[in-house]
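Reader: I have a model open on my screen and would like to know what stands behind the words used for it. Could you take me through them?

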Amino acid sequence: MSFLSNLVIPLVLCAIFGVALVQKVDILSAFSHGVLEGLKIVLDMFPALMLLTVAIGMFESSGALELLSRALSAPAVALGLPAELLPLTLLRPLSGSGALVVFENTLSQYGPDSLLGRIASVMMGSTETTFYTIALYCSAAGIKKSRYAAPASLCADLMGFCASVMAVRILLP
Amino acid sequence: MLNVLISAIILFSFVTAWCGGRMEQMCTRLLASPQKAVELTVAIGCSICFWSGIMETAQRAGILKTLSNFFAPLISVLFPKLKKDSAGAQAVCTNLAANLLGLGAASAPAGIRAVQEFQKDTPDKTIASDSSILMILLNTASLQLIPTTAAALRLQAGSAAPMEILPAVWMASALSIFTGVTAAKLVSLFYKNSPLERQTLRPNQQRRKTV
């Protein structure tokens, strides 16, 4: 598994450079041009990222995450989501590294092959850091009004979480 | 949307910290966060720069064009207005391919370029177009075929079969993406020329004048 995933990136690189060489592309100038364009993207997104990092740091350290998890446990259980996994579902759309920490704790607390461990794993694998992605794309492309991007993405996330529970119950009895 | 959300998170955290007596922890974290943001930006910034360079090379070598032919049927369903072989279509294809392979770092610059191309065709570039939102949506859902991070952490935690979650992950991802795309397509039908959009234009324009 890890061999395969270690193979993909170098292979993609070799393929691109191989084809570029055959096609007689000026590789160095093409690469530099792309890097400079990437640098512009990075500069554009930096301010939004900074604000988001601060806000999420406050959210985690103030105990607001725990409070919200406790308050939402009743509706979550009604949807079929285990109350123990609520902190993970709340943090997942906001912070990738934060969700990873919570996920690791869940695995060591309940065991990776337990029902909760499996559900948490599927949740981690089938969702992304939604708000971070929206902030990244919007700030990099100069979008101020993201319209329905957040509600639609959160709708997909909620479905992802519920479907994770369902999929584990069906496929991994 | 993001403005309201970030303000709400900050205010809610402040009230919670006040009531729960965790002001000190929060303040420490608050002061450390900007530096964390710089570290995060440097970490992803480097890979964005690198993969942008690789992408430019791939584009000049004609690889992206081949890739966009491969994804053409899927793209015509998701983005009916997009012209085949256009810069936008090529960026979308690169993004999808990188996502499927799990090259998260390579997918972001391609996705951002696709959104930039979509925004060029809109009258007001600060308002996200339907295509841009769909592109963002595809990236907020996980298209990754092999969830390497989750599997690696399972292995580390002593799982007997770290990859047994694969079929369940695919099923959950597919349902989640399908729901998101359906929601976006439905909303875009109702959102067209809504008064809300016109109202929000005005404050933006005024702000620009005063600056």
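Author: Happily; below, each term is set against its definition. Please keep in mind that this is a predicted model.

Reader: Let's begin with chain B. How many helices and strands does chain B have?

Author: Chain B has 9 helices and 0 strands. Read along the sequence, its pattern is α-α-α-α-α-α-α-α-α.

Reader: Why does the span of helix H4 of chain B agree with what is expected?

Author: H4(B) covers residues 87-101, which is 15 residues, and at 1.5 Å a residue these should span 21 Å. The end C-alpha atoms are 21 Å apart, so the two values agree.

Reader: And what makes H4(B) "mostly covered"?

Author: A residue is called buried if 20 or more other C-beta atoms lie within 10 Å of its own. In H4(B), 12 of the 15 residues are buried, including B:Val92, B:Cys93 and B:Leu96. For chain B as a whole, buried residues make up 43% of its 211 residues.

Reader: How do you know what helix H7 of chain A spans, and what is expected for it?

Author: H7(A), residues 115-126, has 12 residues and reaches 16 Å from its first C-alpha to its last. That is close to the 16 Å expected at 1.5 Å a residue. H7(A) is also mostly covered, with 10 of its 12 residues buried; among them are A:Arg118, A:Ser121 and A:Val122.

Reader: Which residues have the most contacts inside the largest nonpolar core?

Author: They are A:Val122, A:Ile134, A:Ala135, A:Tyr137, A:Ala149, B:Ile133 and B:Leu137, in a core of 104 residues. The largest share of this core, 12 residues, comes from H2(A).

Reader: What does B:Ile133 touch?

Author: Two residues are in contact if their C-beta atoms lie within 7 Å. Leaving aside residues up to four places away in sequence, B:Ile133 touches A:Arg147, A:Tyr148, A:Ala149 and A:Ala152 in chain A, and B:Ala128 and B:Ala184 in chain B.

Reader: How many residues does the contact take from chain A and from chain B?

Author: The contact takes 83 residues from chain A and 88 residues from chain B. On the side of chain A that touches chain B, the largest share, 24 residues, comes from H2(A). By class, this side has 51 nonpolar, 23 polar and 9 charged residues.

Definitions and conventions. Residues numbered from 1 in each chain as written. Chains lettered and ligands numbered in written order. Predicted model: local features only at pLDDT ≥ 70, side-chain atom pairs only at ≥ 80, totals over all residues. Helix = DSSP H or I, 4+ residues; strand = E, 2+ residues; numbered from the N terminus. Expected span 1.5 Å × (residues − 1). Nonpolar A, V, L, I, M, F, W, Y, C, P; charged D, E, K, R; others polar. Core = buried A, V, L, I, M, F, W, Y, C linked by C-beta atoms within 7 Å.
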